[in-house]
Amino acid sequence: MRHIKKVAVLGSGVMGSRIACHFANIGAEVLLLDMVPRELNEKEQAKGLSLEHKSVRNRIVNDSLTSALKSNPSPIYRKSFAQRIATGNFDDDLAKIKDCDWVIEVIVERLDIKQQMFEKVEQHRKPGTLITSNTSGIPIRMLSEGRSEDFKKNFCGTHFFNPPRYLKLLEIIPSPDTDPAVIDFLMNYGERFLGKTTVYCKDTPAFIANRVGVYSIQALFHTVSDMKLSVTAVDKLTGPVMGRPKSATFRTCDVVGLDTLVHVANGVRENCPNDEQRHLFEIPDYVSKMVEKGWLGSKTKQGFYKKVKDENGKSDILALDLETLEYKPKEKVRYATLETAKPIDDLAKRTKHLFNGQDEAGEFYKRSFSGLFAYVSMRIPEIADELYKIDDAMRAGFGYEMGPFEAWDAIGVEAALKEMESRDMKAAAWVSEMLDKGVTSFYKTEDGKRYYYHQNKGTYELIPGQEDKVALSNLPESAIVWKNSGTTIYDLGDGILNIAFHTKMNTIGGEVISGLNKALDLAESSYRGLVVANEGQNFSAGANVGMIFMMAVEQEWDELDFAVRAFQNTMMRIRYSSVPVVAAPHGLTLGGACELCLHADKVIANAETYMGLVEFGVGVIPGGGGTKEFALRTSDEFKEGDIRINTLRNRFLTIGQAKVSTSAYEAFDLGYLREGQDEVIVSRERQIAYAKQVCMMMADKGYTQPVPRKDVKVLGNEGMGIVYVGANSMLSGNYISEHDQLISQKLGSVLCGGDLSGMTEVSEQYLLDLERRAFLELCAERKTLERMQSLVKTGKILRN
């Protein structure tokens, strides 16, 4: 029954400061400590300060924290959360750890220095305090040598991945003396409170993710040399098309730092003499030369890529020629296999297609996947006893959409094994033994639960930790109540339905509107509540702007009016349904998706929700009830005097500047979420289950269908005057275009209720009619069409 209220983080470098920020994110009080400077800097000398001055003694830790808080993307959910972090130094403040429940060491990767720190920690910690190390490779068993029995049983490794807020992996590594209860606690705490994928690791070199990930990079370094591939070509082949991050391979190397990769690779080569692929951890000549030259990546401003400016000051990114080590313009790369893979949205099917390609790209994929599959099979049971742990680690730590064994299943275990054998790549014997038993996949789903093949038992075993979670992808076919091309409605049990979108970027078009109405029909007639959630990378990028653009270009105004009216009516059905509707957004929640959340009874937002009404950037205003809803919320916040105008101005600027929250907490500040009503959950895996639970509670409590509002206070011409003056001033100062001025005026007109002499109470429907008319008028503008055309043509509408 541990409770983590206060955490001490020892070491404020890139990792330490950001780990401190993430604990502050979840509400913990944090003590961040680092070294005392040995000498004054120029500013301190100019001020006449001494080494004993407090600001000097805490300079290192304060500068590190300040730098972290200024970094982009931000390590903190909300700026005010940084106030939860207190700073100090090892000499003056280490004794304060006596009040901490968890002490995390994040200092330099040297065994002797870490052991010295732990000796000091033991002098001040209270018995039972958790002590963990964020080491990425030093054996955990060696770090606690010489410490007390209580220290050892409460000590283990907790390896966060950088940046800790965004990369979900947390590797938990016990020593021989660690109390199993400590491991159980950390596995649960990391997942439930920190939102991590916690993976139990053996105390082997580089643990799991770095062992496999760095092998993959090192193998690719050698493949590149053998196949004479360019940096640009490899990143084209190993990015999103494979279900990997946009940074692909070489850009990832630049971000991580080539020196870090070399350090880990050398560590594996030196400490794993029995690794059958040990030779691949030898550093290629071109990488060694880059390290010698100091071309380490982003930290040194050049690595495999280099950002430069031409004579006109225009920025360009050059790629390194691995043979000449000269930087050259990035080449355009085309492969037939990639072109034919583009239409395949299903990653499993696309992976199989890539593997079976017959061109140079196909050869690359056969070689890369074959080597990876052989390697991970041989790591069982060396680094993990269960294969799912390797997949979990690679998805959460390296951003793979499918882990190695999942990709192997997608290609076909037997087919991939034959390809490996044809290349003299040897998989572990247990894989062939598995096939001999008639078992043809590493995973299976049954009765809504996922199972993995256990190589020692020769049977499928339940993956633990699924008991109190809902995974839509694992639900049986019988749970599907209804589906169309864009949505699927699931029965979650206990009288609760869930509707999930599965269009491109989960955009909202006619099929989604139809699905939402069907879900509401079903819920109101035969169920107790409805959850809107999905398992895509993003909740939804908003309305299908391509569809709107085509209607506007063809001047199909009646059809467009009908489509907008249908969207508005659907949002109002969500607001005024006879059953509770709970939205559970995550990732991008833009435009129409944000409007959906604005109308739900309650929003259970994942902490990593990036929410915004971004229609202004497209050349229109929110037309699915978003502008109306902001007018309503403005009305509810109105007070007498200037505050009334300030409230209107803030709401206007949120839409007018297309502000998008950088977290769910920031969505409260922007007015997209409601304090005291909507909630944030850090754990993505628990989000749908919790949303279902909340929906059930609302139904159990006695849910009463709300009554449409007719008391929305709008300012009329009083507010319009402020809007017009502001827009004219921005135009005069060349901050906005004439088209932006027009959009601003249309937006202000809806928020203020149109041409009314003064403050007036109006209905929601009145505002919706104003909103729809303004939206349609803007769609008819040439500048709006040009902006839409540009965004649709380049695909930026989805990326933005």
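1. Helix α20 (residues 413-422) and helix α21 (residues 429-436) pack against each other in this predicted model, with axes 11 Å apart and an angle of about 135 degrees between them. That angle makes α20 oblique to α21, because oblique is the class for angles that are not under 35 degrees, not over 145 and not in the range 65 to 115. The crossing of α20 past α21 is left-handed. On the α20 side the contact is made by V413, E414 and L417, and on the α21 side by V431, S432, M434 and L435. By class, the residues of this contact are five nonpolar, one polar and one charged.

2. A second helix pair is α1 (residues 14-25) with α4 (residues 59-70), whose axes come within 9 Å and cross at roughly 65 degrees. The two helices are therefore roughly perpendicular to each other. Their crossing is right-handed. S17, R18 and C21 of α1 meet S64, L65, S67, A68 and L69 of α4. The residues of this contact divide into four nonpolar, three polar and one charged.

3. Helix α4 deserves its own point. With twelve residues at 1.5 Å a residue, α4 should span 16 Å, and its end C-alpha atoms are 16 Å apart, which agrees. The buried residues of α4 are R59, V61, S64, L65 and A68. An α-helix has 3.6 residues a turn, so residues three or four places apart point the same way. S64, L65 and A68 are buried and also take part in the contact with α1. The cover over the buried residues of α4 includes α1 along with β2 (29-34), α2 (42-47), α3 (54-57) and β3 (85-89).

4. Two cis peptide bonds should be checked by eye. What follows α4 on the way to β3? The loop between α4 and β3 holds P73. N72 and P73 are joined by a cis peptide bond, with omega about 5 degrees. The other cis bond runs from I380 to P381, where omega is near 5 degrees. P381 is found in the loop between α17 (360-378) and α18 (387-398). As background, most peptide bonds are trans.

5. Two residues other than glycine have a positive phi. In A206, phi is near 70 degrees, and in N506 it is near 55 degrees. Most residues other than glycine have a negative phi. A206 lies in the loop between β8 (197-200) and α10 (209-227), and N506 in the loop between β17 and α22 (510-526). Are these two loop residues buried or exposed? A206 counts as buried at 5% relative accessibility, and N506 is buried with a relative accessible area of 6%; the cut-off for buried is under 20%.

6. Helix α29 (residues 687-702) has 16 residues and reaches 23 Å from its first C-alpha to its last, close to the 22 Å expected at 1.5 Å a residue. Its buried residues are Q687, I688, A689, A691, K692, V694, C695 and M698. Which strands help to cover them? The cover includes β16 (487-493), β17 (496-501), β18 (529-532), β19 (581-583), β21 (602-606) and β23 (679-681). β17 is also the strand before the loop that holds N506.

7. T232 is found in helix α11 (residues 231-237). The relative accessible area of T232 is 14%, so the residue is buried. Leaving aside residues up to four places away in sequence, T232 touches Y305, A319, K330, E331 and V333.

8. E323 is found in the loop between β10 (315-321) and β11 (326-329). At 62% relative accessibility, E323 counts as exposed, whereas T232 is buried. How far apart in space are E323 and S225? Their C-alpha atoms are 8.6 Å apart, although the two residues are separated by 98 residues in sequence.

Notes:
Residues are numbered from 1 along each chain as its sequence is written. This is a predicted model: local features need pLDDT of at least 70, side-chain atom pairs count only at pLDDT 80 or more; totals for chains, interfaces and linings use all residues. Side-chain values use heavy atoms; hydrogens and water are left out. Axes are lines fitted to C-alpha atoms, for helices over the stretch in contact, and angles run from 0 to 180 degrees between N-to-C directions. Helices (H or I, at least four residues) and strands (E, at least two) are DSSP runs, numbered from the N terminus. A crossing is left-handed if the near helix is turned anticlockwise from the far one by less than a right angle, and right-handed if clockwise. Contact means heavy atoms within 4.5 Å. Ala, Val, Leu, Ile, Met, Phe, Trp, Tyr, Cys and Pro count as nonpolar, Asp, Glu, Lys and Arg as charged, and the others, Gly among them, as polar. The expected span of a helix is 1.5 Å times one less than its number of residues. Buried means under 20% relative accessible area, exposed over 50%, partly exposed in between (1.4 Å probe, protein chains only).
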